[in-house]
Amino acid sequence: MLGTNNSSGGYTSLEMGISAQSNGYSYLQSVKAAGTSYGTLCLNPMAGFVGINYANDALVSFPLDINQSSYTSGIRLRNALYAVGVSWDFYCNQNLYFSWNAIDKSFISQNDGALISISDARVKRNVKLVSNV
């Protein structure tokens, strides 16, 4: 821990730790005012880049550069406010998907870069199958 006290007294601190001795995870936690609120963690606030999943810093070329190293999983950004009915999500799982309230609405194809809208048959009426052409 950096700082005076991370549990009381209103002090600012930065905690670094592990969740368990084995099969756990490691973490960083910013504390704005100990005992009352967590804080904002600023990475490189003066300048510089942040690279995630890079072994060589020379390859990091954007302020936030995330290297997706798996074909079937990668970056995900979401605003998961399901309780108030407002949530969006975009994630990469071969294609780049765009979702609203936990339903995929469209995606960018990994094959040709085309933007594809996903039809939701649950809200359609008189849906009929089309024979093969």
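This note covers a five-stranded sheet and the aromatic side chains on its strands, in a predicted model.

1. **The sheet.** Five strands make up an open sheet. Their order is β7-β8-β9-β10-β11, and the pairing is antiparallel. β7 (76–81) and β11 (115–117) are the edge strands, each paired on one side only. From one strand to the next, the twist averages 25°.

2. **The β10–β11 edge.** β10 covers residues 103–108. Three bridges join β10 to β11, in the antiparallel sense. One residue to look at is I108: its bridge partner in β11 is L115.

3. **W88 and its surroundings.** W88 sits in strand β8, residues 86–93. Is W88 buried or exposed? Neither label fits: the relative accessible area is 37%, so W88 is partly exposed, since buried needs under 20% and exposed over 50%. Leaving aside residues up to four places away in sequence, W88 touches L77, R78, N79, S99 and W100. N56 is another matter. It lies 32 residues from W88 along the chain, and the two C-alpha atoms are separated by 33 Å.

4. **Aromatic pairs.** The count of aromatic pairs is four. One of them joins W88 and F90: the ring centres are 6.5 Å apart and the planes meet at 20°, so this pair is stacked. The cut-off for stacking is under 30 degrees. F90 is partly exposed, because its relative accessibility is 27%.

5. **The Y97–F107 pair.** How are the rings of Y97 and F107 arranged, stacked or tilted? Their planes stand at 40°, so the pair is tilted; the centres are 5.3 Å apart. This pair links distant parts of the chain. Y97 belongs to strand β9 (residues 95–100) and F107 to strand β10, 10 residues apart. Y97 has 17% relative accessibility and therefore counts as buried. F107, at 16%, also counts as buried. The cut-off behind both calls is under 20%.

6. **The aromatic cluster.** Which residues do ring pairs link into a cluster? They are W88, F90 and F98. W88 and F90, the stacked pair, are two of its members.

7. **A charge over a ring.** R76 lies over the face of Y91. Its distance from the ring centre is 5.5 Å.

How values were computed:
Residues numbered from 1 in each chain as written. Predicted model: local features only at pLDDT ≥ 70, side-chain atom pairs only at ≥ 80, totals over all residues. Heavy atoms only, no water. Pairing = 2+ DSSP bridges. Helix = DSSP H or I, 4+ residues; strand = E, 2+ residues; numbered from the N terminus. Axes fitted to C-alpha atoms, helices over the stretch in contact; angles between N-to-C directions. Buried < 20%, exposed > 50% of the residue type's maximum accessible area, 1.4 Å probe, protein only. Contact = heavy atoms within 4.5 Å. Phe/Tyr/Trp six-rings, centres within 6.5 Å; stacked < 30°, edge-to-face > 60°. Lys NZ or Arg CZ within 6 Å of the ring centre and 35° of its normal.
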